[in-house]
Amino acid sequence: MNYISLTFDGVSCPGCINAIDHQISKYDEIEITNISQNSGDTIIVTKLSRVSILEKLKAFEGCCDACNIELSTIEIMDSNEIISEENNNNYELIKKQYRIALERAIDGIEVSCSENCVCKTTNFDRLEESSIPSFASVYDLSNYIMSYVKDEMNLVDFGSGTGHDAFQIARIYKNVNITGIDLTPEMVNFANEKSKDQLLTNVIFIEGSDLAIIPHKSQDLIYTNNVFNLLPNKNKFIRDSYQTLKAGGYLIIADEFSKVALPSEIDSDPAFRCGGISGAQSKDFIANICTNEGFKQKDFQIINQYEIEYNKVKFPLETGILVLQKQY
Ligand SMILES: C[S@@+](CC[C@H](N)C(=O)[O-])C[C@H]1O[C@@H](n2cnc3c(N)ncnc32)[C@H](O)[C@@H]1O
């Protein structure tokens, strides 16, 4: 297998990035490990030769007349580049940041994953609120989610963290099954311990970075609270969610949405990256990807509006809940 870096010319809008993702995803022999939401530059893992890649990626279905995407370079990555890419893709930075964030919360220091963290944009003390800290974008998301929940449903809390949201639902809906999935082992252990302490048998937390362990068409609702922006391939998560949901099932994304494009350099700032801000895209951009994958937008609620400052420039963002439904 080779790690291969692809760059493109003629990427003019978010639709071009979708078109690149769609074209590459048609081929089982190619796995996307990362796709830049700004330039469309993509890292793939494949056994295919350069000639086969060129052949498969010679045309793209753009979203409009302005789309004129062309594969520009195909570079096999050397071992140093692969190590740094694997660090990105194995989420080492995120795991480390959230392990430390959990330790700091347990030690009673603060609930926040970095200096530029979403948790700092809300004006209440998360340490005071609960012994199970919430690193959420939307603190009381569970109340909103419960308006969609019925007995016997199967739910996934993707990026479940300490289990804060899952517990609130599991305590009320004893006949609902909730699977929490989280990348950070310390978060998973903490949540499973808290579940045992509360004698809850309808919620389980599993270590993972995607929805692969969940059978297709098995879930009624997947929600994710302050996690979506951390994902290196959002399109894949949306596609996987679609496959995992039953017909009529819901995907609820609670996160930060940008109101103007954020500069691409902000993604190399670990505090903004792990803080769940640098990966923010506009609500319309995300809703558009979801619609292309077969979802229908059912609701969008703005919970908070604020600005961040980067290199002395202010950028407006909003915290929101985007609700999508898989069509029957
Ligand atoms: C900001 S915290 C939010 C936790 C929880 N949803 C909450 O509201 O408190 C982000 C969580 O997402 C997890 N995470 C990040 N990337 C992930 C991925 N690819 N798959 C699963 N979990 C991920 C992190 O380990 C962390 O626990």
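In this predicted model, an oxygen atom of the ligand lies 2.7 Å from a polar backbone atom of F135. A second backbone contact involves A136, where a polar atom is 3.4 Å from an oxygen atom of the ligand. T184 contributes through its side chain: an N or O atom there is 2.5 Å from an oxygen atom of the ligand. In total, 22 residues surround the ligand, and the closest are F135, G159, D182, T184 and N225.

I turn next to N226. This residue is found in the loop between β8 and α9. Its phi is positive, about 65°, although N226 is not a glycine. As general background, most residues other than glycine have a negative phi. Is N226 buried or exposed? Its relative accessible area is 4%, so N226 is buried.

L199 also has a positive phi, near 55°, and is likewise not a glycine. L199 lies in the loop between α8 and β7. With a relative accessible area of 73%, L199 is exposed.

Let me now consider the aromatic residues. The model contains 10 aromatic pairs. One of them joins F8 and F60: the ring centres are 5.6 Å apart and the planes stand at 90°, so the pair is edge-to-face. F8 belongs to strand β1, whereas F60 sits in the loop between α2 and β4, and the two are 52 residues apart, so that the pair links distant parts of the chain. Both F8 and F60 are buried.

A further pair is formed by F158 and F237, and it is tilted, with 4.8 Å from centre to centre and 35° between the planes. Here too distant parts of the chain are linked: F158 is in strand β5, F237 is in helix α9, and 79 residues separate them. How accessible are these two residues? F158 is buried, at a relative accessible area of 4%. F237, at 4% relative accessibility, counts as buried because the cut-off for that class is under 20%. There is also an aromatic cluster, made up of Y144, Y148 and Y250.

Lysine residues are placed over two of the aromatic rings. K234 lies over the face of F228, at 5.9 Å from the ring centre. The charged end of K326 sits over the ring of Y242, and there the distance to the centre is 4.5 Å.

I shall finish with two helices. Helix α1 comprises the 12 residues from 14 to 25. What end-to-end span should α1 have? At 1.5 Å a residue the expected value is 16 Å, and the C-alpha atoms at its ends are 17 Å apart, which agrees. Nine of the 12 residues of α1 are buried, so that this helix is mostly covered. Among the buried residues are G15, C16, I17 and N18 towards the start of the list, together with Q23 and I24. What covers them? The elements in contact with the buried residues of α1 include strands β1, β2 and β3, as well as helices α2, α9 and α11.

Helix α7 spans residues 164–172. Its buried residues are H164, D165, A166, F167, I169 and A170. They are covered by elements including helices α6 and α8 and strands β5, β6, β7 and β8. Strand β5, which holds F158 of the tilted pair, is thus among the elements that cover α7.

Notes
Residues numbered from 1 in each chain as written. Predicted model: local features only at pLDDT ≥ 70, side-chain atom pairs only at ≥ 80, totals over all residues. Heavy atoms only, no water. Helix = DSSP H or I, 4+ residues; strand = E, 2+ residues; numbered from the N terminus. Expected span 1.5 Å × (residues − 1). Buried < 20%, exposed > 50% of the residue type's maximum accessible area, 1.4 Å probe, protein only. Contact = heavy atoms within 4.5 Å. Phe/Tyr/Trp six-rings, centres within 6.5 Å; stacked < 30°, edge-to-face > 60°. Lys NZ or Arg CZ within 6 Å of the ring centre and 35° of its normal. Near = heavy atom within 4 Å. Polar contact = N/O pair within 3.5 Å; in protein donor to acceptor, adjacent residues only side chain to side chain.
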